[in-house]
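This report is an introduction for a reader new to the structure. It takes up charged pairs, strand pairing and aromatic rings in turn.

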Amino acid sequence: MLHSISYILFTVLFMGQIFRIMSYDRAANERNAIQGLKVLDKSLKWHRLDDGVMGGQSETLHSFDGVLNFSGHINCNGGGFTSIRSAIPGGLSSDATGVRVTYVGDGKTYKVLFSDGNKSAFGPSRRSPSWQTDLPTKEGIEETTTISFESLTPSLQGGPVDTDAKLDPTQIQEMGFMLSLKLSSGKPNPVETYGSGIFPFSLKIKNIEPVSGDCSAETFAT
């Protein structure tokens, strides 16, 4: 009897996850992208990509009011990440060595992502890696961080990978911000800088600008 009940519960949960995967409309998210901030005078348009793509229940509620607001809630039941992403038409200049980001966080550790913009694919045809770094925040404190491209970790399917590939700034066609249960190293994001169960989050991005020349990673309150 207990076995039958457990099987029924498992089936219901599994079918619910399958339904969420099938109903997650990534294309609609991209069509409804929100314009906000610029890089090299190129307007950025941000769409959300949450764990609903794999059946999760987390949700991003992003907006722009002079500041890019990346907020929403994480649901650790069957998922654990939210993100916003924007295309960078034409990529960055060849002499770009990093980016400088000004933001106000909530004490959580986020990630900054860069990629060539190709969509994810499983198996041997999966895309080239995204390049990631952690973005620790202090609650309510405005900070500016310089991110060196040389410091980024290549990642595929949510984990770091060994690769001979190099990040070419002219091929950076997409940038994003993510809150995830995993850090860029692939290790768990601690409860203290992530959360547990169902919880809200908020990151306000005030400015993004490319950096050229000597690009030493640094963070300071502004």
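## Salt bridges

Lys206 and Glu142 form a salt bridge through their side chains, with an N to O distance of 2.8 Å. Lys206 belongs to strand S14 (residues 198-212) and Glu142 to strand S10 (residues 142-148), so the pair ties together parts that are 64 residues apart in sequence. Lys206 is partly exposed, at a relative accessible area of 37%. Glu142 is partly exposed too, at 24%. The model is a predicted one.

How many salt bridges does a search of the whole structure find? The search finds two. Besides the pair just described, the side chains of Asp50 and Arg48 meet in a salt bridge, at 2.7 Å from N to O. Asp50 has a relative accessible area of 0% and is buried. The cut-off for buried is under 20% relative accessible area, and partly exposed covers the range from there up to 50%. Arg48, with 23% relative accessibility, therefore counts as partly exposed.

## The open sheet

An open sheet is formed by eight strands, and its pairing is antiparallel. The strand order is S1-S2-S6-S13-S8-S9-S11-S12. Which strands are the edge strands? They are strand S1 (34-39) and strand S12 (159-160), each of which pairs on one side only.

At the S1 edge, the partner is strand S2 (residues 42-48), and the two pair in the antiparallel sense over four bridges. Ile34 has Trp46 in S2 as its bridge partner. Arg48, of the salt bridge with Asp50, falls within the residue range of S2.

## Aromatic pairs

A pair of aromatic rings is described by two values, the distance of the centres and the angle of the planes. The count of aromatic pairs in this structure comes to six. One of them joins Phe70 and Phe201: the ring centres are 5.0 Å apart and the planes stand at 65°, so the pair is edge-to-face. The angle decides this, because planes over 60 degrees apart count as edge-to-face.

Phe70 lies in strand S5 (residues 68-75) and Phe201 in strand S14, so this pair ties together parts that are 131 residues apart in sequence. Are these two residues buried or exposed? Both Phe70 and Phe201 are buried. Together with Tyr110, they form one aromatic cluster. Strand S14 thus appears in two contacts described here, through Lys206 in the salt bridge with Glu142 and through Phe201 in the pair with Phe70.

Terms used
Residues numbered from 1 in each chain as written. Predicted model: local features only at pLDDT ≥ 70, side-chain atom pairs only at ≥ 80, totals over all residues. Heavy atoms only, no water. Salt bridge = Lys/Arg side-chain N within 4 Å of Asp/Glu carboxyl O. Buried < 20%, exposed > 50% of the residue type's maximum accessible area, 1.4 Å probe, protein only. Pairing = 2+ DSSP bridges. Phe/Tyr/Trp six-rings, centres within 6.5 Å; stacked < 30°, edge-to-face > 60°.
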